[in-house]
Amino acid sequence: MRINYFVAGGFVVLIFLVIIFVTTVLPASTFKPTATPAAHKYTPMELAGRNIYRREGCFYCHTQFVRYQDRESGEMVLAGDYMYETPHVLGTERTGPDLSNIGGKYADGWHRAHHDNPRKVKPGSIMPSYSYLTEKEKEQLIAYLQTLGAGRKMTSWVVPPQELQDEYEHVKAFVNVNSSAAANSGKGIFMQNCAQCHGMTGEGNGPVSATMIKKPANFTRPFYTQYSDAMWYYRVKEGVPGTRMPRWGKTLGREQMLYLVAFLKTLPKDTQTVQEEITSLKQLDNPVDLDDNYKYVDQAAERYGASRNEAFK
Amino acid sequence: MQRALSAIFSREPFSASRNFLITAIFWLVFGTSIGLIASMQFTAPDALAGVAQLSFGRLRPVHINAVLIGWLSMGYAACMFYIIPVLVGRKGIWSELLGNITMVAWNVMMVVGIFGLLNGDTEAREYAELAGTVQMGSTSIQILDWIVLVALLLLAVNAWMTVMTGAEKKWYVSIWYFLGALFWFPIIYIIGNRAFVQLEGLNDAITGWFYGHNILGMWFTVGGVGIMYYLLPKFTGNPLYSHTLSMIGFWTIGMFYAPTGTHHILQSPVPEWLKSVAVISSVFLLVPVLTVLTNFFMTMKGKWHTATEHIPLRFAIAGGIAYLLTCIQGPFQATRSINWYLHFSNWVVGHAHLALLATFSFFVFAATYYMIPKMTGRKMYSKRLAVWHFWLTLYGWIIMMLSLTIAGLVQAAGWHHGIPVDQWVIELEPYWIIRSISGVMIVLGQILFMFNVYKTVFSPEQCEELPHSPTGVVYV
Ligand code: HEM
């Protein structure tokens with residue numbers, strides 16, 4: 001009787017050891033990806049920042065793991081990206097955005113203001129405030145964030161969903177969105193329907209914007225030079241959920257939306273490239289006064305040569 | 001003081017089980033309260049801003065470790081230390097003193113660990129955060145890992161020696177499950193905490209999820225099922241429906257649970273064969289689950305109506321049904337196309353609570369309401385409170401589960417429409433408010449539970465004597 005138990009027990013042990021071997025030892029010894037350009041050894045400063053990232057539990061809300069369906073988070077990750085990521089911070093919950101490609105998206109000053117109080121730069125955000133970090137820790141953390149995804153292009157960030165891309169391919173023949181005539185028609189529609197929020201010049205400072213927590217988009221930002229026609233069409237048609245931006249696909253016709261696309265794409269100030277925008281924003285790194293909600297926005301607006309209220313003068 | 005010490009380091013039969021249980025219930029109330037505070041930060045992010053110890057990223061691991069390592073694991077230890085000796089016909093475990101020392105070590109470890117987590121001393125690996133980092137020259141050692149390991153080994157030795165020195169030589173299924181759990185868990189724990197090797201990049205994630213899933217599969221599941229196999233026949237008076245099924249369940253759990261870890265990182269660039277192994281074994285998990293549940297529900301045959309009067313049985317049935325739900329959800333989520341849609345969303349958090357709160361915590365509630373009267377020789381202080389505990393916790397988790405599941409579907413729908421996460425997150429506020437409300441209900445239920453147990457154990461004069469104690473033990 002006893003001997004049977006030992007045979008059975010030995011069998012459990014054996015199976016279990018085989019499973020451990022197959023699921024941990026075997027991958028660890030055969031799965032050896034080579035480092036990609038996005039992988040990099042951390043400097044001591046960045047490593048300290050990474051440790052703060054782990055200590056403060058940022059990875060409980062943020063993933064670093066872009067899948068192919070995560071259109072807004074940038075390029076998909078590759079196995080080699082994680083070469084120096086030990087221990088891993090892939091994350092399990094996506095309460096906040098994926099941070100794999102956050103490096104270079106914002107200036108250091110933005111991150112600083114965001115960490116001190118996320119709601120000042122992102123109304124409605126539920127990210128905790130990290131005002132309790134010491135100055136040094138804040139610097140380290142930002143240094144770490146700015147390395148993430150380094151070397152990846154920003155342009156792949158903004159792609160509409162496939163079904164809208166297909167739809168756009170189908171409808172684009174109706175209006176030549178590159179003609180100035182179409183842009184002019186679009187301007188009229190914009191003044192009637194959009195200017196109260198987005199402002200006469202599209203800077204996002206129309207009178208109604210004063211009532212909103214989530215401010216309307218400022219189309220003069222160089223950021224919008226990356227938008228493809230299909231992307232504009234998608235944003236106008238579907239609106240921006242969670243904000244007061246309506247779904248214009250419900251009220252406007254197909255041609256009207258195409259005219260709007262033609263107009264909107266003339267707005268971004270393409271004198272600066274995205275990279276230049278970032279460099280110029282980086283020069284703003286003098287401390288942001290948190291008591292003034294708009295100071296940072298104003299500083300940025302100034303740099304692009306327009307003041308918030310110019311449109312009303 | 002003298003009395004307290006002698007109750008803690010006691011050699012009395014069943015004292016280790018009792019002490020484990022009482023301290024586990026403390027961690028239950030603590031852990032769920034922390035969960036509640038954490039959940040409120042989703043809707044009032046500035047309420048506690050500026051206090052490092054109370055920021056979400058620190059409370060979350062505290063919540064998880066308090067409920068998993070504090071409440072559930074210690075609750076399991078208590079159940080094993082009661083059930084094993086009864087099954088092998090011993091008065092108490094092999095060494096109650098050793099059991100009590102393990103209990104003290106475990107609690108000290110928890111206090112140090114939780115204090116460390118609040119102050120930022122963490123391993124930052126999900127389900128393995130407890131660290132207790134000690135700097136020794138240039139290397140740092142996480143001593144709590146080793147304390148947990150030693151405590152687990154002590155548990156295992158004690159359980160094993162109890163079985164070996166017992167009068168009954170034929171092992172009932174529960175003993176298989178318990179000894180299996182106590183064999184697997186220490187191994188998994190030490191692999192999961194990567195105490196020996198530092199792996200690079202994704203290999204670290206693969207090993208991390210090997211651990212993360214197996215603490216659920218090889219410890220919480222195996223232990224919980226073992227408890228139910230003991231309790232259900234006791235509650236219903238029916239014999240266990242089928243011993244063969246239960247043994248099939250045991251072996252297939254061991255075979256199919258262990259390789260499933262990679263289903264947590266199904267869309268990461270890890271080797272495809274590993275993902276396939278994980279998906280296939282996840283679907284095959286339906287085999288042990290269905291054998292276990294067939295056995296549970298067939299054992300209930302003809303006795304379902306007794307649940308109206310029998311409070312522990314109510315908990316057991318509710319837990320069994322939640323187990324069915326969990327284990328249908330699990331394989332479903334593990335298939336590639338479904339995982340593609342649901343991963344990263346709040347759906348997963350709902351699933352975690354379904355498994356650990358609605359299933360395994362309910363099993364331990366059932367066991368507590370059964371064991372406390374057996375150990376003390378008294379009826380529970382109040383049946384009313386126990387009923388309230390049942391309904392508050394049951395409705396609490398149903399509401400929590402629904403709100404999180406819907407929130408997860410809403411999240412996934414938005415993301416797949418290309419809406420940026422930071423814009424979409426605002427939409428979830430209503431569901432998070434509902435989760436906090438359900439949290440209030442659950443925490444309240446647990447406080448009633450703690451009060452009820454406290455009164456039963458410490459105020460004998462206010463409780464009714466049991467007519468007779470079937471195991472013949474009257475202690476405390
Ligand atoms: C015994 C009861 C409980 C157990 C065993 C338990 C277990 C868990 C587990 C395992 C997780 C991690 C989920 C994941 O993998 O993503 C978790 C997260 C969480 N739990 Fe609990 N829990 C319990 C009760 C509660 C209660 C009563 C509340 C109060 C509302 C609560 C609030 C939370 C919150 C806010 C999170 C974090 C979710 C996120 O990251 O988005 N839990 N819990």
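# Asking why, one label at a time

Me: Why is A:Arg55 called partly exposed?

Reply: A:Arg55 has a relative accessible area of 23%. Buried means under 20% and exposed means over 50%, with partly exposed in between, so A:Arg55 counts as partly exposed at its 23%. Please keep in mind that this is a predicted model.

Me: What makes A:Glu56 count as buried?

Reply: Its relative accessibility is 1%. The cut-off for buried is under 20%, so A:Glu56 counts as buried.

Me: How do you know that A:Glu56 forms a salt bridge with A:Arg55?

Reply: Look at the closest N and O atoms of A:Glu56 and A:Arg55, which are 2.9 Å apart. A salt bridge needs a side-chain nitrogen of Lys or Arg within 4 Å of a carboxyl oxygen of Asp or Glu. The 2.9 Å of this Arg and Glu is within that limit, so the label fits.

Me: Why does the pair of A:Glu56 and B:Arg58 join two chains?

Reply: A:Glu56 lies in the loop between α2 and α3 of chain A, while B:Arg58 lies in helix α3 of chain B, so the pair joins two chains. Their side chains meet in a salt bridge at 2.6 Å, N to O, and the limit is 4 Å. B:Arg58 has 5% relative accessibility, so this residue counts as buried. There is a wider picture too: A:Arg55, A:Glu56, A:Glu137 and B:Arg58 are linked in a network of salt bridges. Over all chains, a search of the whole structure finds 23 salt bridges.

Me: How do you know that the side chains of A:Arg254 and A:Glu255 meet in a salt bridge?

Reply: Here the N to O distance is 3.6 Å. That is within the 4 Å limit, so the pair qualifies. A:Arg254, at 34% relative accessibility, counts as partly exposed, and A:Glu255 does too, at 31%.

Me: What makes the arrangement around the iron atom of the ligand octahedral?

Reply: Six donor atoms surround the iron, and the angles they subtend run from 86 to 179 degrees. For six donors, the test asks for opposite donors over 155 degrees apart and all other angles between 65 and 115. The arrangement meets that test, so it is called octahedral. For comparison, ideal angles for six octahedral donors are 90 or 180 degrees.

Me: Which residues coordinate the iron atom of the ligand?

Reply: B:His63 and B:His353 do, each through NE2, at 2.0 Å. B:His63 lies in helix α3 of chain B and B:His353 in helix α13 of that chain, so the pair ties together parts that are 290 residues apart in sequence.

Me: Why does B:His63 count as buried?

Reply: B:His63 has 17% relative accessibility, and the cut-off is under 20%, so B:His63 counts as buried. B:His353 has a relative accessible area of 23%, which falls between 20% and 50%, so B:His353 is partly exposed.

Me: Is B:Phe14 buried or exposed, and what makes it so?

Reply: B:Phe14 has 4% relative accessibility, under the 20% cut-off, so B:Phe14 counts as buried. This residue lies in the loop between α1 and α2 of chain B. B:Phe14 and B:Ile93 are 79 residues apart in sequence, and their C-alpha atoms are 7.1 Å apart in space.

Me: Where is B:Leu5 found?

Reply: B:Leu5 is in helix α1 of chain B. At 40% relative accessibility, it counts as partly exposed. Together with B:Met1, B:Ile8, B:Phe9 and B:Ile101, B:Leu5 forms a nonpolar patch on the surface, with about 490 Å² of accessible area together.

Conventions:
Residues numbered from 1 in each chain as written. Chains lettered and ligands numbered in written order. Predicted model: local features only at pLDDT ≥ 70, side-chain atom pairs only at ≥ 80, totals over all residues. Heavy atoms only, no water. Patch = residues over 30% accessible without salt bridge, like charges linked within 9 Å, V, L, I, M, F, W, Y side chains within 5 Å. Areas by Shrake-Rupley, 256 points an atom, 1.4 Å probe, with all protein chains shown as cover. Helix = DSSP H or I, 4+ residues; strand = E, 2+ residues; numbered from the N terminus. Buried < 20%, exposed > 50% of the residue type's maximum accessible area, 1.4 Å probe, protein only. Donors = N, O, S within 2.8 Å, 3.2 Å for Na, K, Ca; no water. Tetrahedral: all angles 85-135°; square planar, octahedral: opposite > 155°, others 65-115°.
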